Amino acid sequence: MENIFNFTKIELESFLVQKGYKKFLASQIFNWLYEKKEYDFAKFTNVKKETVEFLKNTFDTSFIEIAKVEEDKDVKKFLFSLKDGQKIESVLMYHNYGLSVCISSQVGCNMGCKFCESGRLKKVRDLETYEMLQQVIAIGNYINQKIDSVVIMGIGEPFDNYDNVIKFINLINDPKVLAIGARHITVSTCGLVPKIKAFADLGLQINLALSLHAPTDEKRKQIMNIANAYSLKEVFAALKYYQEKTKRRVTIEYIMLDKINDTQDDALTLAKLIKNYNVYVNLIPYNETKNIEFKASKQTQIDLFYNTLKKSGVDVTVRHKFGDKISAACGQLRSKEI
Ligand code: SAH
């Protein structure tokens with residue numbers, strides 16, 4: 001049985017019409033699920049008994065389960081158990097501008113970035129749309145508060161699970177589902193060029209972040225496998241295409257790795273590389289993990305890198321570090337469990 005949370009409104013309408021029901025039934029179902037948070041068809045009081053039976057026999061309403069919660073002062077980390085026993089994780093962050101949830105898009109990841117805990121464990125499978133949607137819903141229900149923004153930056157490469165991720169974005173953006181505004185949704189990719197172009201063609205107003213992490217192909221190849229598939233020239237051509245289509249500014253993510261990519265020279269090369277693009281750079285302090293030998297850059301090195309970019313006219317911020325004390329690095333909580 002397919003999970004009911006996999007369906008967009010339009011998909012559910014056409015499915016129900018095909019089965020001989022009124023289109024309006026989809027609106028009723030969406031209202032129960034997303035407005036009233038009622039997940040038991042038997043309690044849909046405005047739906048006929050026979051129809052309830054049909055729904056029960058047709059759709060799965062099961063939820064992914066919270067297996068563990070780790071907390072720090074401005075962050076909660078959730079380990080979820082999926083129907084087949086696989087584990088994924090999500091992070092809830094309390095920003096001064098609201099609540100944001102970082103979700104996983106795959107069980108494991110095949111991109112093989114050398115510094116990343118998720119990549120170390122390889123992809124088991126893609127997440128279905130409902131498994132992404134329910135991460136946000138379950139966390140909202142757990143804290144009984146509205147989630148303001150969603151970032152697709154947890155375990156997995158979202159553009160390697162493109163169709164399900166796009167459906168997920170459409171659902172959380174739907175005013176009748178989670179009503180999260182496009183500008184409050186961010187998708188982060190290590191740079192799958194054909195998918196960046198496809199995404200540009202959708203013309204969505206959501207935020208795109210590129211995990212760049214190195215200013216030259218040579219350096220990038222040392223830490224990211226994807227750099228063997230697409231050169232920086234190709235990646236930046238795709239970004240240009242994206243910006244022509246959407247007029248949106250792109251975030252460049254740059255992990256600060258000690259003695260790997262954090263010299264002043266690297267900063268100058270980076271400034272040159274992005275000079276003609278409408279981007280801003282987010283420097284990410286590296287979360288060290290015991291299974292991987294990379295070290296975080298020293299604070300003095302981050303400061304120097306930051307100031308060098310600033311002086312070169314680059315818009316740059318350093319990411320606030322959440323959850324140092326808990327297993328905050330992407331994939332750490334899951335890998336601890338396995
Ligand atoms: N695959 C996508 C999204 C998931 S990773 C991508 O590559 O963008 C989300 C971000 O976390 C990426 O920028 C990734 O490089 C970064 N990341 C991975 N491991 C990290 C760690 N240990 N510390 C800090 N950031 C990390």
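A pocket, as the word is used here, is an open set of grid points with protein on both sides within 12 Å along at least five of seven lines. The second largest pocket in this predicted model has a volume of about 360 Å³. The tour begins with strands and ends at that pocket.

**Stop 1: strands 3 and 4**

Select residues 65–72, which are strand 3, and residues 75–81, which are strand 4. The two strands pair in the antiparallel sense, over 7 bridges. A hairpin of 2 residues connects strand 3 to strand 4. To see one pairing, show Ile66, which stands opposite Phe80 in strand 4.

**Stop 2: strands 5 and 6**

Next, select strand 5 (residues 87–95) and keep strand 6 in view. These strands run antiparallel and are joined by 5 bridges. They too are described as a hairpin, with 2 residues between strand 5 and strand 6. Show Leu92 and look across to strand 6, where its bridge partner is Val101.

Now keep strand 6 alone, residues 98–102. Are the residues of strand 6 buried or exposed? Of its 5 residues, 5 are buried. In a regular strand, side chains alternate between the two faces of the sheet. In strand 6, Gly98, Ser100 and Cys102 are on one side, while Leu99 and Val101 are on the other. Both faces are covered.

**Stop 3: from strand 6 to strand 9**

Add strand 9, residues 149–152. Strand 6 and strand 9 run parallel, joined by 3 bridges. Cys102 of strand 6 has Val151 as its bridge partner in strand 9.

**Stop 4: strand 10**

Move on to strand 10, residues 185–189. This strand is mostly covered, with 5 of its 5 residues buried. Ile185, Val187 and Thr189 point one way from strand 10, and Thr186 and Ser188 point the other way.

Which strands are joined to strand 10? One is strand 9, which runs parallel to strand 10 and is joined to it by 3 bridges. Here Ile152 has Val187 as its bridge partner in strand 10. Another is strand 11 (residues 207–211), also parallel to strand 10, with 4 bridges. The partner of Thr186 in strand 11 is Asn207.

**Stop 5: the helices between these strands**

Show helix 6, residues 162–173. With strand 9 and strand 10, helix 6 makes a right-handed β-α-β unit. Then show helix 7, residues 193–202. Strand 10, helix 7 and strand 11 make a right-handed β-α-β unit as well.

**Stop 6: the second largest pocket**

To find the centre of the second largest pocket, select Tyr34, Lys37, Lys146, Val177 and Leu178, which lie nearest to that centre among its 19 lining residues. By class, the lining has 11 nonpolar, 4 polar and 4 charged residues.

Now colour helix 2 (24–35) and helix 5 (129–143), each of which supplies at least two lining residues. Helix 5 gives the largest share, 4 residues.

Where does this pocket lie with respect to domain 1 and domain 2? Colour domain 1 (2–60) and domain 2 (65–337) separately. The pocket lies between them, because both domains give residues to its lining.

**Stop 7: Leu133**

Finish at Leu133, in helix 5. Its relative accessible area is 0%, and the cut-off for buried is under 20%, so Leu133 counts as buried. Draw a line from its C-alpha to that of Tyr34: Leu133 and Tyr34 are 99 residues apart in sequence and 11 Å apart in space.

Conventions: Residues numbered from 1 in each chain as written. Predicted model: local features only at pLDDT ≥ 70, side-chain atom pairs only at ≥ 80, totals over all residues. Heavy atoms only, no water. Buried < 20%, exposed > 50% of the residue type's maximum accessible area, 1.4 Å probe, protein only. Pairing = 2+ DSSP bridges. Right-handed = clockwise from strand over helix to strand, strands pointing away. 1 Å grid on protein atoms, 1.4 Å probe; cavity = no way out; pocket = protein on both sides within 12 Å on 5 of 7 lines; lining within 4 Å. Points joined across faces, edges and corners; volume = space filled by probe spheres on them. Nonpolar A, V, L, I, M, F, W, Y, C, P; charged D, E, K, R; others polar. Domains from an automatic or database assignment.
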